[in-house]
Amino acid sequence: MQYGDYQLEIYGAGLKGVLPRWPVDFAGLESAAAAALPDWILNYVAGGAGDERTQRGNAEAFGWWGIVPRMMAGAYERDLTTSICGIDLPTPLFCCPIGVIGLCSQDFHGDLAVARACARTGVPMVMSTLSQDPLEDVAAALGDTPGFFQLYTPRDRDVAVSLIQRAEKAGFRGLVVTLDTWVTGWRPRDLNTANFPQLRGHCLANYFSDPAFRSLLDAPPEEDLRGAVGMWAGQFGNSVGWDDLAWMREATDMPILLKGISHPDDARRAIDLGVDGLYCSNHGGRQANGGLPALETLPDVVAAAGDVPVLFDSGVRSGADVAKALALGASAVGLGRPYAYALALGGEDGVVHHLRSVLAETDLIMAVDGYPTLADLRAEGTIRRLPHQVQ
């Protein structure tokens, strides 16, 4: 069975009068989620920095590139398997970290729902530090599907080490260190409503359950929520430097990947310092307005990375986007807002439906365009920049 066969399931159900419960396209998901989510959650998920030009540019940039079809290439069967830092994966798709994904499900346990969806599809989850449920519970829900733990590095090193070592003990397979969110970007949608969910006590389960963090408190969070939130706010805002890689490496045997790498010089320096993977991203346009679309920086990062894997996210909305990012050299491609909307609409089943839809489109594009393997898709000359960009 190929991933593209999911369309046959949909068409077959249609013959029995059964239509898909949720849209298969991003536009449909976005529209439906706008009606399903409370405004304070919707704006936090959908919003970006400034006038959101960079956020829009992330998505629009995919339209500036086109895959060159190859015929009679033996693509009747496709192989989407890949490997990241020695971890074998059935597909190059992953769910990127979203700090309020826990709030996007009706029961406010979205982290667990996404983990269960990933367990059912084999799509890895990169879990955010900011979650509604402790990392141990999320790791358990992932089952045999690999999970990666994303770290917003606290100022207190003991807390940082505790979180890292808890993640490794729980079974996470890699550490993703976010570099571009030591301070939050200027987000008008949230500022106009004075809405910052974490300052209201949401998505702080990993901190509140952490012994090193709790040791800093005068009273436990159960007794003094305001005090615990204040301590968290004081811990957030640590700008990671290159020297920090040394103690991070001492703290764990997990592969370390740096998230937010967009310049080839940063990629080369990271590799010289021994990181195991790079993650090209501009945080989906949520952190800094006025920057290049992440897809535009991807080829230079890939060229600088050599054999080191490069994960990618920002602006990915479809299987076509996934295929283009892979053709530009990404080792794996992450979904963000789309799966958050799918979660809001259908919980665990909604996320499964969305992941299968994206995998189906990616698979079918490889079939139709004549690329039976990811290596074929990444070969030189498979993708070209369009001569006239419509912006």
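In this predicted model, α3 (39-46) and β11 (332-335) each supply at least two residues of the lining of the largest cavity.

**Cavities**

The whole structure holds three cavities of 30 Å³ or more. The largest has a volume of about 440 Å³. Its lining counts 32 residues, and those closest to the cavity centre are Pro97, Ile98, Gly99, His283 and Arg286. The second largest cavity encloses about 60 Å³. Residues from several parts of the sequence line this second cavity, among them Leu151, Tyr152, Thr178, Trp182, Phe236 and Asn238. Gly237 and Val240 also belong to that lining.

The two linings divide by residue class as follows.

| Cavity | Volume | Nonpolar lining residues | Polar lining residues | Charged lining residues |
|---|---|---|---|---|
| Largest | about 440 Å³ | 13 | 13 | six |
| Second largest | about 60 Å³ | six | five | no charged residues |

**Arg187**

Arg187 sits in the loop between β7 (174-178) and α8 (188-191). Is Arg187 buried or exposed? Its relative accessible area is 6%, below the 20% cut-off, so Arg187 counts as buried. Leaving out residues up to four places away in sequence, Arg187 touches Tyr44, Gly48, Arg286 and Gln287. Of these partners, Arg286 is also among the residues closest to the centre of the largest cavity. Met125 lies 62 residues from Arg187 in sequence. In space, the two are 26 Å apart, C-alpha to C-alpha.

**Nonpolar cores**

In soluble globular proteins, nonpolar side chains tend to be buried together. Here the largest nonpolar core has 108 residues. Leu278, Leu298 and Phe312 have the most contacts inside this core. Helix α16 (residues 337-369) gives the core its largest share, 13 residues. A second, separate core has twelve residues, including Phe94, Leu257, Leu311 and Ala332.

Which residues does Leu298 touch, not counting those up to four places away in sequence? The partners are Cys280, Val310, Phe312, Ala325, Leu328 and Ala330. One of them, Phe312, is itself listed with Leu298 for the most contacts inside the largest core.

**Helix packing**

Two packed helices are described by the angle between their axes and the distance between the axes. Helix α1 (residues 6-15) packs against α16 at an angle of about 115 degrees, and the axes are 8 Å apart. From α1, the contact takes in Tyr6, Gln7 and Glu9. From α16, the partners are His353, Arg356, Ser357, Ala360 and Leu364. By class, this contact has three nonpolar, three polar and two charged residues.

Definitions and conventions
Residues are numbered from 1 along each chain as its sequence is written. This is a predicted model: local features need pLDDT of at least 70, side-chain atom pairs count only at pLDDT 80 or more; totals for chains, interfaces and linings use all residues. Side-chain values use heavy atoms; hydrogens and water are left out. A nonpolar core is a set of buried Ala, Val, Leu, Ile, Met, Phe, Trp, Tyr and Cys residues joined through side-chain atoms within 4.5 Å. Buried means under 20% relative accessible area, exposed over 50%, partly exposed in between (1.4 Å probe, protein chains only). Helices (H or I, at least four residues) and strands (E, at least two) are DSSP runs, numbered from the N terminus. Contact means heavy atoms within 4.5 Å. Axes are lines fitted to C-alpha atoms, for helices over the stretch in contact, and angles run from 0 to 180 degrees between N-to-C directions. Ala, Val, Leu, Ile, Met, Phe, Trp, Tyr, Cys and Pro count as nonpolar, Asp, Glu, Lys and Arg as charged, and the others, Gly among them, as polar. On a 1 Å grid over the protein atoms alone, a cavity is a set of points where a 1.4 Å probe fits but cannot get out, and a pocket is an open set with protein on both sides within 12 Å along at least five of seven lines; lining residues have an atom within 4 Å of a point. Grid points are joined across faces, edges and corners, and a volume is the space filled by probe spheres set on the points.
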